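Colleague: Could you walk me through this structure, starting with what surrounds the ligands? I am new to this, so plain sentences would help.

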Amino acid sequence: MNGRLAVIEGLDGAGKNTLTTALAAELTGRGLTVGRLAFPRYGTLHADLAADALHGGQAGTADSPHAMALLFAMDRHAASGELSALAEANDVVLLDRYVASNAAYTAARLGAERADEAVEWIGALEFERLGLPVPDLQILLDTPVAVAAERAGSREVSDPGRARDRYERDSTLQADTSRAYRRLAETSWRSPWTTLGAEPDVHELADVVVGL
Ligand SMILES: Nc1ncnc2c1ncn2[C@@H]1O[C@H](COP(=O)(O)OP(=O)(O)OP(=O)(O)O)[C@@H](O)[C@H]1O
Ligand SMILES: Cc1cn([C@H]2C[C@H](O)[C@@H](COP(=O)(O)O)O2)c(=O)[nH]c1=O
């Protein structure tokens, strides 16, 4: 892999997609080539099975934290060729969600007593067993839960096709996920992290990425 791998993480509605777009434009403006990939890759098998579980919870869906986590992990496994190709072809690859999403959300879904076990399991599964590349930088967009929920709610009104799933509507789960993310960042889980507020400065962030 040649290109640097930078991951944007955060809650539903935190602003990850918006930040990724702005960061890609800033880096391109500085003469770098940028590849992008977002997980889950909606429209592919594992991602859509995971989405069924997130939205449904009815019979026939993978309605358990471990089953959902495996589906998200298999989505990344299936994308590993695409990811390698992007890294070969670009100076920087920006990922909108990656393995830390699975760690933080699975930790929250399993509850505080099993959070550390969840994080360890996901890391071992995805990085060691599946051999996914470890990011050069993980960026936590640490938008407060209430602000992220407000943004996701407004988007749902303007784009009814982007309905929030039952976990996105669950403020307790979002708060637990926020805590899990902060712990990952504070412990520099698997790679260096940088933590940003709800209104990040894209120029400063680009400086960090250029310096990788
Ligand atoms: N800095 C910001 N200030 C105000 N609104 C913002 C900001 N960043 C994003 N938004 C708005 O918040 C909503 C959610 O943003 P975005 O889609 O980028 O979030 P996301 O983290 O990618 O969400 P999800 O994970 O749920 O897909 C969008 O309507 C977007 O326009
Ligand atoms: C990649 C990934 C995602 N999730 C969760 C996080 C969110 O609740 C949804 C994805 O929603 P988005 O609005 O489309 O970003 O899935 C997860 O639990 N594990 C993962 O690996």
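Colleague: How many nonpolar, polar and charged residues are in the shell around ligand 2?

Modeller: Keeping in mind that this is a predicted model, the shell around ligand 2 has six nonpolar residues, two polar ones and five charged ones.

Colleague: And which of the 13 residues around ligand 2 come nearest?

Modeller: Those that come nearest are Y42, R76, R97, N102 and R162.

Colleague: What do the side chains of those residues do with the ligand's polar atoms?

Modeller: Three of the contacts can be described one by one. For R162, a polar side-chain atom lies 2.5 Å from an oxygen atom of ligand 2, and for Y42, an N or O atom of the side chain is 2.6 Å from an oxygen atom of ligand 2. With N102 the partner on the ligand is a nitrogen atom, which lies 2.9 Å from a polar atom of the N102 side chain.

Colleague: How much of ligand 2 does the protein bury?

Modeller: Taken alone, ligand 2 exposes 480 Å², and the protein buries 94% of that area. As for its location, ligand 2 sits in the largest pocket.

Colleague: Which elements give two or more residues to the shell around ligand 2?

Modeller: They are helix 3, which spans residues 65-78, and helix 5, which spans residues 99-110. Helix 5 gives the most, with four residues in the shell around ligand 2.

Colleague: OK, on to the other one. Where does ligand 1 sit?

Modeller: Ligand 1 sits in the largest pocket. It has 15 residues around it, and the closest are G15, K16, N17, T18 and R155.

Colleague: Which atoms does ligand 1 meet there?

Modeller: An oxygen atom of ligand 1 lies 2.9 Å from a backbone N or O atom of N17, so here the contact is with the backbone, by the definition of a polar contact as a pair of N or O atoms within 3.5 Å. The side chain of R162 also takes part, with a polar atom 3.1 Å from an oxygen atom of ligand 1. Finally, the side chain of E199 has an N or O atom that is 3.2 Å from a nitrogen atom of ligand 1.

Colleague: What percentage of the accessible area of ligand 1 does the protein cover?

Modeller: On its own ligand 1 has 630 Å² of accessible area, and the protein covers 70% of it.

Colleague: Which helices supply at least two residues each to the shell around ligand 1?

Modeller: Helix 1 and helix 7, the latter running over residues 145-158, each do so. The largest share, three residues, comes from helix 1. Sorted by class, the shell around ligand 1 has eight charged residues, four polar ones and three nonpolar ones.

Colleague: Changing topic, F72: is that residue buried or exposed?

Modeller: F72, which is found in helix 3, counts as buried because its relative accessibility is 11%, and buried means under 20%. Its C-alpha atom is separated by 6.3 Å from that of A47, although the two residues are 25 residues apart along the chain.

Colleague: And where is L32?

Modeller: L32 lies in the loop between helix 1, residues 16-29, and strand 2, residues 34-38. Because its relative accessible area is 23%, L32 is partly exposed, a class that falls between the 20% and 50% limits. The C-alpha atoms of L32 and N90 are separated by 7.8 Å, while the two residues are 58 residues apart along the chain.

Colleague: Last topic, the backbone: what joins F39 and P40?

Modeller: A cis peptide bond joins F39 and P40, with omega at about 0 degrees. P40 is found in the loop between strand 2 and helix 2, which covers residues 45-55.

Colleague: What about S188 and R190?

Modeller: S188 has a positive phi of about 50 degrees although it is not a glycine, and R190, also not a glycine, has a positive phi of about 75 degrees. S188 belongs to the loop between helix 8, residues 171-186, and strand 5, residues 193-196, and R190 is likewise placed in the loop between helix 8 and strand 5. S188 is partly exposed, with a relative accessible area of 41%, and R190 is partly exposed at 33%.

Note on methods: Residues are numbered from 1 along each chain as its sequence is written. Chains are lettered from A and ligands numbered from 1 in the order in which they are written. This is a predicted model: local features need pLDDT of at least 70, side-chain atom pairs count only at pLDDT 80 or more; totals for chains, interfaces and linings use all residues. Side-chain values use heavy atoms; hydrogens and water are left out. A residue is near a molecule or strand if one of its heavy atoms lies within 4 Å of it. A polar contact is a pair of N or O atoms within 3.5 Å; within protein, one must be able to donate a hydrogen and the other to accept it, and residues adjacent in sequence count only if both atoms are side-chain atoms. Accessible areas come from the Shrake-Rupley method with a 1.4 Å probe; for residues, only the protein chains shown count as cover. On a 1 Å grid over the protein atoms alone, a cavity is a set of points where a 1.4 Å probe fits but cannot get out, and a pocket is an open set with protein on both sides within 12 Å along at least five of seven lines; lining residues have an atom within 4 Å of a point. A molecule sits in a cavity or pocket if more than half of its atoms lie within 2 Å of its grid points. Ala, Val, Leu, Ile, Met, Phe, Trp, Tyr, Cys and Pro count as nonpolar, Asp, Glu, Lys and Arg as charged, and the others, Gly among them, as polar. Buried means under 20% relative accessible area, exposed over 50%, partly exposed in between (1.4 Å probe, protein chains only).
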